[in-house]
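Biologist: Could you take me on a close look at the largest nonpolar core of this protein chain? I would like to know which residues have the most contacts inside it.

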Amino acid sequence: MITIDLCICTFRRSFISETLTSVARARVPAGTDLRLIVIDNDATPSARDRVLAAAATMPHPLHYAHVGGANISLARNAALSLAKADWVAFLDDDEIVDPDWLVALVDRQRVTGADAVFGQSRANYDADTPAWIVRGDFHSQGVTPRNGVVQTGHTCNALLRWGHAPWRAERFDPARGRTGGEDTEFFFRLRRMGARYAVADTSIVREDVPPDRLRLSWLLRRRYRIGQSYAASATTASERGMLFLQAAGKSAYCLVRAAAAAANPERRAFWAMRGAMH
């Protein structure tokens, strides 16, 4: 028997009810005991009634806590402080899980022996989404190994060893809790402590894309923040210098490719986003 504490942080999203309902309907791996921890990050406990109403119909125990501050790092850190299980899992409050989402994460961990496993987040686009965004599928998220090694990950669909792990005292950086990238930096840090990662391609959660994210400007800002978080992987002056030189060359190359693809909005956006990240 293994235990998993599923951590979900919410901020003024009524969709949390749908997220919890999908978790309730999902399969739990054999030999697994699941508990939910929901952290309300609003200034007032605005999600309390909604979450507790969902808890009344859940087949798993649910612990609700209010931690104000509108800072996702503070909310996730509160969840980690409450976690008592062998493993912690992470979801966002605007996602619907596929029925075998957790089974796939656990199965992949058992096969690989990894300390963390990252699944996929697939975007749901409505009919008004620009065609170039749909073709490029720029809002779906996954983790891609570099040279066969997974270096970092995300919290939109993840399973992390926790019980007696050497990183039990580690927490998300509050300075990044309002800008994004706190999860990328967190998993980079754990990897420097010895954590090994794997990817579960068949663990899938799904997320509707809000209208305010259907713009190239939003996508560029997001990729820029990813680049900032990736820069945290360089911890010495020599590493930072080498990363700077590599990123400068790559960003220049990407901008040239973006200009060359001016007539193709999908490819132009792809290269512009890569340039923004570097």
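Modeller: Happy to; here is the core, with the chain around it for context. This is a predicted model, where local features need pLDDT of at least 70, side-chain atom pairs count only at pLDDT 80 or more, and totals for chains, interfaces and linings use all residues. Residues are numbered from 1 along each chain as its sequence is written, and side-chain values use heavy atoms, with hydrogens and water left out.

The protein chain has 9 helices and 8 strands (DSSP runs, H or I of at least four residues for helices and E of at least two for strands, numbered from the N terminus). Of its 278 residues, 47% count as buried, meaning under 20% relative accessible area with a 1.4 Å probe, protein chains only.

A nonpolar core is a set of buried Ala, Val, Leu, Ile, Met, Phe, Trp, Tyr and Cys residues joined through side-chain atoms within 4.5 Å. The largest one has 30 residues, and Leu6, Leu20, Val23 and Trp101 have the most contacts inside it. Elements giving two or more residues to this core include strand 1 (2-10), helix 1 (16-25), strand 2 (32-40) and helix 4 (101-112). Helix 4 gives the most, with 4 residues.

Now to valine 23: leaving aside neighbours within four places in sequence, this residue is in contact (heavy atoms within 4.5 Å) with Leu6, Leu34, Leu36, Met58, His60, Leu91, Val97 and Trp101. Another core, of 28 residues, lies apart from the largest one, and Ala79, Ala116, Leu160 and Ala195 are among its members.

Terms used
Buried < 20%, exposed > 50% of the residue type's maximum accessible area, 1.4 Å probe, protein only.
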